[in-house]
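Trainee: Could you take me through a close look at how the strands pair in this model, and at what packs around them? I'd like to follow it piece by piece at the bench.

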Amino acid sequence: MAASRMKLELSRVVQGNARLGLLKEIGRMGQHSLDIPGCLLYTHLGTVPHLTQDTLHTLSSLPAVTQVTLSNMAEHQEVLEEFKSGFKKFAGLHDTVLYCSLHDPAAHCPTGHTTNKTVSVWGSGGRIELTVAKFMALQKAAQPDWYQSMADGETWQANASRKRVRKSVDRTLAHLDECLMVHQKSQELDGVGVFGVVEGGDILEERLRSARETAKRPVAGFCLDGFQTGAMDQVLRSQLISAVTKELPEDKPRLLQGVGRPDEVLACVEAGVDLFEGFFPFQATERGCALCFSFDITPDPESAGRAALTAPDEEQRTAGETQPNRDLNCVDQTHMTSFEMNLKDKRYQDDFRPLVEGCGCYCCRNHQRAYVHHLLVTNELLAGVLLMIHNTSHYHSFFRAIRAALASDKMDLLRRRVLGNGEK
């Protein structure tokens, strides 16, 4: 079986942890690359919510990696097995790298359903229990370019005991070994990369054990699980991630699951994370909100004039501050954050500005806040389309700004901009 040919070339490492580079020769044919720090393209069954493929590709600089989840695919296993040509062809996806994760990062996943031999995912028809054999049969049917190994990730709750966390690490390593054994004998998965999962809850000793043991296996990269928004305080999250990434080889990517809020993304990049799931724009869209945080670090007055206007005006920022920023680490991710404006609010009914001044997306070039407000209050489907166009564009531009800040030693300035107290 041919190994994944993926190569990670680092151009800079800032303050010991934050990594700037390029993930090269990704995909089965090795024809794609992905800048890091980077973000995956979030989808439901291969489709970005609210957007057709034609609409999606009006956006520039989309990431080369598309994320699908077993929670959405598992109930279609028989169809995929009969189709025989893999999920990319089945869903009409072209010129992309397909990454298959276990759970949907934007969906609630009930706990208490794992055993020594199984994990559970939730599709539209309810719970689906997966053994390693069923999990790997799904991977063979889907034929992704990368996939996350099966893992017991139910130890992110604060009340998880040390014994339960240790069992989670043991189970996840056992699942990985079984997955790799099947993978290496599978012709359908030739050239496919397996991402090993690092568990360990909030216990440093178990995190380090999980990282060290996973790094001994022939994996293409690492998924850092159990750090999602609501799982723990950001200071502890950064400390654990920094410790974990020191145990991982430098030449393999680290993908963080369940973290998407801009302030948390910045902290995790500085702790050594390379890749993030791109679900945050979808969550904002579902709330009827537009992302409006600033990330301009351009010193040149002329170019700054275009992007500095992405800073929310005072009224906009007030609208976003329904909760203090420090209290946003709640398990319920349906709450609005201070990085977005709620366009359902009546104050926008006669606001004829674009969603974000200076934004070049289709929505901001052609429509006003008042129009999107009208679409939202009348429950028009176009509201989700326009918001998803803007939010996806804004969020992926934010990742470009992160890479620019790392390249030019301006992470402190970027952080001030994102948090809203940057120098104007």
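Mentor: Happy to! One term comes first: two strands count as paired if DSSP finds at least two bridges between them. Please also keep in mind that this is a predicted model.

With that in hand, here is the sheet. Nine strands make an open sheet: its 9 strands follow the order S4-S14-S13-S12-S11-S10-S7-S6-S5, and the pairing is parallel. S4 (38-39) and S5 (41-42) are the edge strands, and each has a single partner strand, so one side of each is left without a neighbour in the sheet. As a general reminder, strands of a sheet pair through backbone hydrogen bonds, in either a parallel or an antiparallel sense.

Let's step inside, to strand S7, which covers residues 97-101. Here 5 of the 5 residues are buried, so the strand is mostly covered, with buried meaning under 20% relative accessible area. In a regular strand the side chains alternate between the two faces of the sheet. You can trace the two sides of S7 residue by residue: Val97, Tyr99 and Ser101 lie on one side, Leu98 and Cys100 on the other, and all are buried, leaving both faces covered.

S7 also has two partners to look at. Strand S6 (residues 65-69) runs parallel to S7 and is joined to it by 5 bridges. One place to put your cursor is valine 65, whose bridge partner in S7 is valine 97. S7 also pairs with S10, again in the parallel sense, over 2 bridges. Tyrosine 99 is a good landmark there, with tryptophan 146 in S10 as its bridge partner.

Moving on along the sheet, S10 (residues 146-148) pairs with S11 (residues 193-198) in the parallel sense, and 3 bridges link them. Glutamine 148 stands opposite phenylalanine 195 in S11. Helix H8 (residues 234-245) packs on the sheet, where it touches S11, S12 (221-224) and S13 (254-256). The direction of H8 makes about 160° with that of S12.

H8 has a helix neighbour too. In general, two packed helices are described by the angle between their axes and the distance between those axes. For helix H7 (residues 204-215) and H8, the axes come within 9 Å and cross at roughly 30°. Their crossing is right-handed. On the H7 side the meeting residues are Leu204, Arg207, Leu208 and Ala211, and on the H8 side they are Leu240, Ala243 and Val244. By class, this contact has 6 nonpolar residues, no polar ones and 1 charged one.

Now set another helix pair beside that one. The axes of H5 (residues 132-142) and H6 (residues 162-184) come within 10 Å and cross at roughly 45°. H5 and H6 are therefore oblique to each other. H5 passes H6 in a right-handed crossing. In this contact, Val132, Phe135, Met136 and Lys140 of H5 meet His175, Glu178, Cys179, Val182 and His183 of H6. The class count for H5 with H6 is 5 nonpolar, 2 polar and 2 charged residues.

For an antiparallel pair, look at strands S1 (residues 7-14) and S2 (residues 18-26), joined by 7 bridges. Leucine 10 stands opposite glycine 21 in S2. The hairpin of S1 and S2 has 3 residues between its strands, and glutamine 15 takes a positive phi there, near 50°.

One last stop is leucine 343, in the loop between strand S16 (340-342) and helix H13 (362-366). With 0% relative accessibility, leucine 343 counts as buried. Its contacts beyond four places in sequence include Gly288, Ala290, Tyr348, Leu355 and Leu387, together with Arg369, Val372, His373 and Leu376. Those last four are also among the buried residues of helix H14 (residues 369-377). Leucine 387 is 44 residues from leucine 343 in sequence, while their C-alpha atoms are 9.7 Å apart. After H14 comes asparagine 379, with a positive phi near 55°.

To place these parts in the whole, the protein chain has 16 helices and 16 strands, and buried residues make up 57% of its 424 residues.

Note on methods: Residues numbered from 1 in each chain as written. Predicted model: local features only at pLDDT ≥ 70, side-chain atom pairs only at ≥ 80, totals over all residues. Heavy atoms only, no water. Axes fitted to C-alpha atoms, helices over the stretch in contact; angles between N-to-C directions. Parallel < 35°, antiparallel > 145°, perpendicular 65-115°, else oblique. Left-handed = near helix turned anticlockwise from the far one by under 90°. Contact = heavy atoms within 4.5 Å. Nonpolar A, V, L, I, M, F, W, Y, C, P; charged D, E, K, R; others polar. Buried < 20%, exposed > 50% of the residue type's maximum accessible area, 1.4 Å probe, protein only.
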